[in-house]
Amino acid sequence: MKVFGEHKRAAAAVLAAGALLGLAACTPAGPGTSSPASSSTAAAPSTAESSTTAPPSPSAQPGTSATVGAVVSGFPEKLLPLMPGAKVVSSSFDKTTVPATAALVGSIASPAAAVLAFYTTELEAQGFKAVPGETVGTVPSKDFLRGDNETVNIAVMETAGVSTFTIGANVAAESVK
């Protein structure tokens, strides 16, 4: 029995990327922030790093947060570390759901294969097992499973030597403490 079908993997990658893009679009622009159009050039030099946390929406629960340009407070960084040399595009964390959900979008001047190799090593060291398959269509993507309900998906888009990666995770509450 195949744990993840190609359609489920594609849906998970699209869902994670869409959720983060939606969160980024909802973040108000202000002094020290950049619009999505101006942040699309990953190689542009930056003189100062800034982050903006989106105000809570009327439906937001306490324990749910997202930010652009930084790792959000409470993010399970031991479980999902930022690859050395990578820059955070956006991140989110929701500890109100069961399992808890975490997402990270980052970019790095490394090949997609190096990003997948780094996260494969990190996740397998924590007991996650890689699910067979290395792509969804033409997008490098890898799924991991731990126990019955903890999952992580990593998808990477590489353009002009810069890899932008999305990590989406559903993990038990005890994994994020």
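**Salt bridges, helix α2 and the nonpolar core**

A salt bridge joins K142 to E134, with the closest N and O atoms 2.9 Å apart. This contact belongs to a predicted model, in which 2 salt bridges are present. The two partners differ in their exposure: K142 is classed as buried because its relative accessibility is 7%, whereas E134, with a relative accessible area of 46%, is partly exposed. K142 also takes part in a contact with an aromatic ring, its charged end being placed over the ring of F144 at 6.0 Å from the centre.

The other salt bridge is formed by the side chains of E150 and R146, with an N to O distance of 2.8 Å. E150 has a relative accessibility of 8% and therefore counts as buried. R146, at 17% relative accessibility, likewise falls under the 20% limit and so counts as buried.

Helix α2 comprises 14 residues, 112–125. At 1.5 Å a residue, a helix of this length should span 20 Å, and the end C-alpha atoms of α2 are 20 Å apart, so the expected and computed values agree. Immediately following α2, G127 adopts a positive phi of about 95°. Within the helix, the buried positions are A112, V115, L116, F118, Y119, T120 and L123. The spacing of buried positions in a helix may be considered in terms of its periodicity: with 3.6 residues a turn, residues three or four places apart point the same way. The buried residues of α2 pack against four strands, namely β4 (100–108), β7 (139–146), β8 (150–159) and β9 (162–171).

Aromatic contacts were examined next. Across the whole structure, a search identifies 2 aromatic pairs. One of these, between F118 and Y119, is edge-to-face, with a centre-to-centre distance of 4.8 Å and an angle of 85° between the planes. Both F118 and Y119 are buried. Y119 also pairs with F165 in a tilted arrangement, the centres being 5.7 Å apart and the planes 45° from each other. This pair connects distant parts of the chain, since Y119 lies in helix α2 and F165 in strand β9, 46 residues apart. Through these ring pairs, F118, Y119 and F165 are linked into a cluster. Y119 has a relative accessible area of 1% and is therefore buried; F165, at 0% relative accessibility, is also counted as buried.

The surroundings of F165 were then considered. Leaving aside residues up to four places away in sequence, F165 touches L82, A86, L104, V105, G106, S107, I108, V115, Y119, A155 and V156. Among these neighbours, V115 and Y119 are buried residues of α2.

In soluble globular proteins, nonpolar side chains tend to be buried together. In the present model, the largest nonpolar core contains 28 residues, and those with the most contacts inside it are L80, Y119, V152, I154, F165 and I167. At least two residues of this core are supplied by each of β3 (87–94), β4, α2, β8 and β9. The greatest contribution is that of α2, which provides 6 residues. Y119 and F165 thus recur in this description: both are among the core residues with the most contacts, and the two form the tilted aromatic pair between helix α2 and strand β9.

Technical notes: Residues numbered from 1 in each chain as written. Predicted model: local features only at pLDDT ≥ 70, side-chain atom pairs only at ≥ 80, totals over all residues. Heavy atoms only, no water. Expected span 1.5 Å × (residues − 1). Buried < 20%, exposed > 50% of the residue type's maximum accessible area, 1.4 Å probe, protein only. Contact = heavy atoms within 4.5 Å. Phe/Tyr/Trp six-rings, centres within 6.5 Å; stacked < 30°, edge-to-face > 60°. Lys NZ or Arg CZ within 6 Å of the ring centre and 35° of its normal. Core = buried A, V, L, I, M, F, W, Y, C linked by side-chain atoms within 4.5 Å. Salt bridge = Lys/Arg side-chain N within 4 Å of Asp/Glu carboxyl O.
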